[in-house]
Amino acid sequence: MSSPGIAASNTARISRASVQSWLASQTYSTTFAFIALFAAALSPVLWFGIPMAMADYPNHLARMFILSRSGGPHPNPFYEVTWALYPNLAMDLLVPPFGRLIGVETATRLFYLAGQILIVTGAMAIERVVKGRLAIAGFVALMFLYSLPFAWGFVNFEFALGCALWGIAAAFALQERNWIVRLALHSVVIAWLFVAHLFALGIYGFTIGVHELWRARTLRSPLRETLGRLALMALPTFVLIGIMVRSGGAVGGHGTRWFFAFKPLWPFRILSGYSSIVSVASAVVLILLMHALGRRGALRFKSSGAWLAAGFALLFLAIPSRPFDTAFADLRVIVAAGLVMPAFISMSLPNAAWRRLALAVAAAITVINVGVVLGVWISYRGDYAAAAESFRHLPKRSMVLVGYSGNGDPTRDLTAPPIDYVPTLAVQYADAFVSDLFMEPGKQPVVPAAPWRRFSVANVGPVPMPVLKAIAEHGASEDTLSFIRTWPRDFDYLYLVGPPIANPMPALLEEVSTARRFVLYRIRKPAASAQ
């Protein structure tokens, strides 16, 4: 007969084993849930063909076609490639070589898919280094995977930001190593990020810099030593800027705009690129969940988390919305903070019910967002098929203008912009010149060839029809952009994207092909130009 002491000991061992078994089952179920959500989040890219319904994606794909054919036997005659150290070249360097082997459309899709994987795994890598384990970063990254910048096709930024997250993780992992090792890694990361996307380099440098300041304060390092270390870390960037200037490269355009009124709205507008309702609802649910956990002391900053949170908040408030003509810069800061900060937040959920609730919230936001993406992309299948068919009506080497059937209202339906740049694919399928192909100085290495250089303008998108109609009927004003001053004479065809309208100028435009979201018109040449 066993003694009471032995029985108590056996009971304790059984109890510990039961707890360990329960914890293991919780870990396995959470891991399985994450894998299932990750697969679901990637499924739209794996399922759909190219192009996918993202605003900028077709334009980037069109540029990849030009670059892949450059130097070959059949280049597009309207464009030439001028390489310099532009800090926005991730896909321009990686996609064309692979495109010549496996096809440009496939290579571009794999580039986008790689960016998504880098984003999620990079956020998890930072958390693994900071906490020594994986917890919430992967789930948060999945919620941001179709946030506004990513869903709109900012593919260079997404890929480069994923690389920056891995660079941050590597820098933190080596922070106790010899300074030569750290500087060598730091220089390699900076060199690649500088070429890939300057904003991603800024996020990397900002995160590392704030963390170094926190470490210096924690370790009570002398100010001179701290400033010297930061200056040494910044040195490779200044060297690359010097090389960029000498090579003829540039950061971007010259316009800078602030849009302060939008800053309070962006945190609620960020999580879905296609639906304001889904985005606002998701943000509100997350805020309420964090507030409830914060009141229970279940959320705490780790390491330099408090410094980074304050730093990202100040950066968001201070940065212009459009510095150097780079769109949505402050919004990109929110995305970067959302991917970096979970690694520095310890979440101790009170009980199993709270764990299930947190997992349910993350899963619901991810699944609903993916569902919205699938719905939008499916709705564009017919339009993309019609666009591919419409290219058959374009004679080779046509001059193509892209207009918008509305008045350029920025509050238009968020599911509408993916049609805007689909006509740019005519550069491949009809060897055409297309007016709104991205050719912004300092950002892309593609420019019009010399005879068409006067049509080189910064990215303006489709021209509103009221503007085109006014020029055709009354002539251009002094402030009219040069490339549309004489558009009826210079261009052969007009793609009018947006809501369907009746032919706005029947005497000038002859309908050739029509679809739900665009109409292709042949431009009848004025009598004077035919003489």
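This is a short talk on one chain, from its overall make-up down to a few individual residues.

Hi everyone, and thanks for having me. One thing before we start: this is a predicted model, so please keep that in mind throughout.

Let's begin with the whole chain. There are 20 helices and 10 strands. Of the 531 residues, 51% are buried. If we take contacts between residues at least 6 apart in sequence, 78% of them join residues at least 24 apart. The chain exposes about 24,000 Å², and 65% of that comes from carbon and sulfur atoms.

Now to the interior. As background, nonpolar side chains in soluble globular proteins tend to be buried together. Here the largest nonpolar core has 163 residues, and those with the most contacts inside it are Tyr 79, Leu 161, Tyr 204, Trp 377 and Trp 487. Which helix gives the most to this core? That is α7, residues 155-173, with 12 residues.

Let's stay with α7 for a moment. Of its 19 residues, 16 are buried, so the helix is mostly covered. Its length works out nicely too: at 1.5 Å a residue, α7 should span 27 Å, and its end C-alpha atoms are indeed 27 Å apart. Tyr 204, one of the core residues with the most contacts, touches Ala 164, Gly 167, Ile 168 and Ala 171, and its partners also include His 186, Val 189, Ile 190 and Leu 193.

α7 also packs against helix α3, residues 90-102, at an angle of about 95°, with the axes 9 Å apart. That angle makes the two helices roughly perpendicular. Where do they meet? On the α3 side we have Ala 90, Met 91, Asp 92 and Leu 94, and on the α7 side Val 155, Asn 156 and Phe 159.

Next, please look at helix α2, residues 57-69. With 13 residues at 1.5 Å each it should span 18 Å, and its end C-alpha atoms are 19 Å apart, which agrees. All 13 of its 13 residues are buried. After the helix comes Gly 71, with a positive phi near 85°.

Arg 69 belongs to α2, and you may wonder: is this arginine buried or exposed? Arg 69 counts as buried because its relative accessibility is 17%, and the cut-off for buried is under 20%. Setting aside residues up to four places away in sequence, Arg 69 touches His 74, Pro 75 and Asn 76, as well as Val 427, Gln 428 and Asp 431.

That last partner deserves its own stop. Asp 431 sits in the loop between α17 and β5. Its phi is positive, about 50°, although it is not a glycine. With a relative accessible area of 15%, Asp 431 is buried.

Ser 303 makes a good companion to Asp 431. Ser 303 lies in the loop between β2 and α13, and its phi is positive as well, near 50°. Ser 303 is partly exposed, however, with a relative accessible area of 36%.

One more serine and I'm done. Ser 147 is in the loop between α5 and α6, and at 0% relative accessibility it counts as buried. Ser 147 and Arg 269 are 122 residues apart in sequence, yet 8.8 Å apart in space, C-alpha to C-alpha. Beyond its sequence neighbours, Ser 147 contacts Ile 270, Leu 271, Ser 272 and Gly 273, along with Val 335.

That's my tour. Thanks for listening!

Definitions and conventions: Residues are numbered from 1 along each chain as its sequence is written. This is a predicted model: local features need pLDDT of at least 70, side-chain atom pairs count only at pLDDT 80 or more; totals for chains, interfaces and linings use all residues. Side-chain values use heavy atoms; hydrogens and water are left out. Helices (H or I, at least four residues) and strands (E, at least two) are DSSP runs, numbered from the N terminus. Buried means under 20% relative accessible area, exposed over 50%, partly exposed in between (1.4 Å probe, protein chains only). Contact means heavy atoms within 4.5 Å. Accessible areas come from the Shrake-Rupley method with a 1.4 Å probe; for residues, only the protein chains shown count as cover. The expected span of a helix is 1.5 Å times one less than its number of residues. A nonpolar core is a set of buried Ala, Val, Leu, Ile, Met, Phe, Trp, Tyr and Cys residues joined through side-chain atoms within 4.5 Å. Axes are lines fitted to C-alpha atoms, for helices over the stretch in contact, and angles run from 0 to 180 degrees between N-to-C directions. Angles under 35 degrees count as roughly parallel, over 145 as roughly antiparallel, 65 to 115 as roughly perpendicular and the rest as oblique.
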